[in-house]
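Reader: I should like to learn how the features of a model such as this one are to be read. Might we take them one at a time?

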Amino acid sequence: MLDQARTERMSLTAALERLLEIEVEATEARRLAARERFACLPEPWTLSDFDFAAQPGVDEKLIRDLATLRFLDDASNVLFVGPPGVGKTMLSVALGRAAVEAGNRVYFTTAADLAARCHKAALQGRWKTCMNFFAGPKLLIIDELGYLPLPKDGASALFQVINQRYLKSSTILTTNVGIADWATGFGDATVAAAMLDRLLHRAAVAGIDGPPTGSAVTKTRPQPSEPG
């Protein structure tokens with residue numbers, strides 16, 4: 001930069017301004033990379049990768065509105081409900097990436113992984129640390145609720161995570177279990193009702209009943225770091 005300043009006969013002020021611009025750009029790039037690592041998003045999907053024409057079951061107007069990220073300002077939630085392979089995960093990851101690029105802390109996990117980590121934390125005496133970890137991100141994405149049976153205390157752990165975040169920060173949840181079937185689908189009708197009460201208080205529900213897209217079927221996951 002100093003060589004360029006001499007060659008172009010830049011003023012001292014102009015050279016300093018350019019040096020500061022370079023430092024700001026480098027700092028922002030480092031911060032973005034750190035947010036991306038923390039988020040553990042399984043794919044580099046963005047909303048432009050989603051083919052709305054091929055998936056008529058998706059409300060494109062709703063998704064475009066969610067992509068403005070206004071729901072984060074309201075601490076609102078998003079529920080994607082539908083059978084496997086219709087694009088629920090792809091849309092949730094695309095919204096998560098938009099939130100990361102906008103400067104927000106995001107974390108992606110599956111419901112099964114979340115339940116397992118909460119169970120392990122409870123056994124190791126790290127329950128509070130674990131809850132604080134899941135309460136921290138501006139946006140928490142919980143994928144594949146209902147795909148695998150939750151362990152005995154899994155529904156309770158999931159409820160406590162949702163309760164920690166209630167009215168404070170946003171959660172995106174994808175599930176193949178219809179809302180009307182939650183009471184029987186997760187083994188504990190009381191916990192399921194309480195969880196729905198908090199999730200739906202401020203929420204956008206996107207039911208997707210279109211054909212399988214194939215785009216959200218194969219997913220490779222990075223190994224997330226341990227909470228705390």
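Reader: Against which elements do the buried residues of α7 pack?

Author: This is a predicted model, and in it the buried residues of α7 pack against α2 (12–39), β2 (106–110), α6 (111–123), β3 and α8 (154–165). Helix α7 itself covers residues 127–135, and its buried residues are C130, M131, F133 and F134.

Reader: Why do the buried residues of α7 line one face of the helix?

Author: The general idea is that an α-helix has 3.6 residues a turn, so residues three or four places apart point the same way. In the present case, the buried residues of α7 fall within an arc of 155° when seen down the axis, so they line one face.

Reader: Let us turn to β3. What can be said of L139, and which residues does L139 touch?

Author: L139 is in strand β3 and counts as buried because its relative accessibility is 0%, where buried means under 20%. Not counting residues up to four places away in sequence, L139 touches F71, L72, L95, G96, A99, R105, V106, Y107, R165, S170, T171 and I172. Between the C-alpha atoms of L139 and H119 the distance in space is 22 Å, with their positions 20 residues apart in sequence.

Reader: Is D143 buried or exposed, and which side chains does its own side chain meet in polar contacts?

Author: D143 also belongs to strand β3, which spans residues 139–145. With 0% relative accessibility, D143 is buried. Its side chain forms a polar contact of 2.8 Å with that of T89 and another of 2.4 Å with that of T174.

Reader: Where is S92, and what does S92 contact?

Author: S92 sits in helix α5 (residues 88–101), and at 0% relative accessibility S92 is buried. Beyond its neighbours within four places in sequence, S92 contacts F80, F108, I141, I172 and T174.

Reader: How does one look for internal space, and how many cavities of 30 Å³ or more are there?

Author: Rolling a probe the size of a water molecule over the atoms shows where empty space is left. Here the count is one cavity of 30 Å³ or more. The largest cavity holds about 60 Å³ of space, and its lining includes A75, N77, I162, R165, Y166 and L167. S169, T171, R198 and R202 are also among the lining residues.

Reader: What is the mean pLDDT of the chain, and where does pLDDT stay under 50?

Author: The mean pLDDT is 90, and 93% of the residues reach 70 or more. Over residues 215–224 pLDDT stays under 50, and for this stretch the model has 25 contacts beyond four places in sequence.

Methods
Residues are numbered from 1 along each chain as its sequence is written. This is a predicted model: local features need pLDDT of at least 70, side-chain atom pairs count only at pLDDT 80 or more; totals for chains, interfaces and linings use all residues. Side-chain values use heavy atoms; hydrogens and water are left out. Helices (H or I, at least four residues) and strands (E, at least two) are DSSP runs, numbered from the N terminus. Buried means under 20% relative accessible area, exposed over 50%, partly exposed in between (1.4 Å probe, protein chains only). A polar contact is a pair of N or O atoms within 3.5 Å; within protein, one must be able to donate a hydrogen and the other to accept it, and residues adjacent in sequence count only if both atoms are side-chain atoms. pLDDT is the predictor's confidence in each residue, from 0 to 100. Contact means heavy atoms within 4.5 Å. The arc is that of the directions from the helix axis to the C-beta atoms. On a 1 Å grid over the protein atoms alone, a cavity is a set of points where a 1.4 Å probe fits but cannot get out, and a pocket is an open set with protein on both sides within 12 Å along at least five of seven lines; lining residues have an atom within 4 Å of a point. Grid points are joined across faces, edges and corners, and a volume is the space filled by probe spheres set on the points.
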